[in-house]
Amino acid sequence: MSRSRINGNFIDKTFSIVANILLRIIPTTSGEKEAFAYYRDGMSAQSEGNYAEALQNYYEAMRLEIDPYDRSYILYNIGLIHTRNGEHTKALEYYFRALERNPFLPQAFNNMAVICHYRGEQAIRQGDSEIAEAWFDQAAEYWKQALSLTPGNYIEAQNWLKISRRFE
């Protein structure tokens, strides 16, 4: 049974109903419909904290989905799970792959910046200020890209860029 049919969350049920109606009225292939069903089930599992199940659904959606834009969101969500699990190198890889398909994902740039900033803070704790500065510089570049796509968002990042004199 599809996860969307057993999920008790009101928002997930509403999303599933609307998605099913759209899938009926918008001309799509059976493969696209199946890919979307896996994606939807992946999002549902992810929202419940069932990350292994979410990844299985996302990988299956990737196998079926051919549209680069849609694939970018699947890859982004896989990156989110790896970020949540502390697997930052894998997360960065998936964010990069998402951006290759859709360079207009400010949230991917933001998440990459957060990871780089975190690694910079780790380097400071380890006493390596040179490595820390390199990570902070990379974080600044990613935040600048995110802000160029969505001016006015990421206020904390804007403040950090100004305070650290990395905002041009």
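In this predicted model, the residue Y95 serves as a starting point. Leaving aside residues up to four places away in sequence, Y95 touches Y76, G79, L80 and T83, and also A108, N111, M112 and I115.

Y95 also belongs to a wider group of residues. The largest nonpolar core has 37 residues, and Y95 is among those with the most contacts inside it, together with Y58, I74, I78 and W143. Several helices contribute to this core: at least two residues each come from helix 3 (30-47), helix 4 (51-64), helix 5 (68-84), helix 6 (88-101), helix 7 (106-125), helix 8 (129-149) and helix 9 (155-163). Helix 8 supplies the largest share, namely eight residues. The core lies between domain 1 (28-102) and domain 2 (104-167), because both domains give residues to it.

The view may now be widened to the chain as a whole. Which elements does the chain have, helices or strands? The chain has nine helices and zero strands. Followed along the sequence, these elements give the pattern α-α-α-α-α-α-α-α-α.

The contacts and the surface of the chain complete the picture. Among contacts between residues at least 6 apart in sequence, 48% join residues at least 24 apart. Of the 168 residues of the chain, 42% count as buried, a term that here denotes a relative accessible area under 20%. The accessible surface of the chain comes to about 9800 Å², and carbon and sulfur atoms account for 55% of that surface.

How values were computed:
Residues numbered from 1 in each chain as written. Predicted model: local features only at pLDDT ≥ 70, side-chain atom pairs only at ≥ 80, totals over all residues. Heavy atoms only, no water. Core = buried A, V, L, I, M, F, W, Y, C linked by side-chain atoms within 4.5 Å. Buried < 20%, exposed > 50% of the residue type's maximum accessible area, 1.4 Å probe, protein only. Helix = DSSP H or I, 4+ residues; strand = E, 2+ residues; numbered from the N terminus. Domains from an automatic or database assignment. Contact = heavy atoms within 4.5 Å. Areas by Shrake-Rupley, 256 points an atom, 1.4 Å probe, with all protein chains shown as cover.
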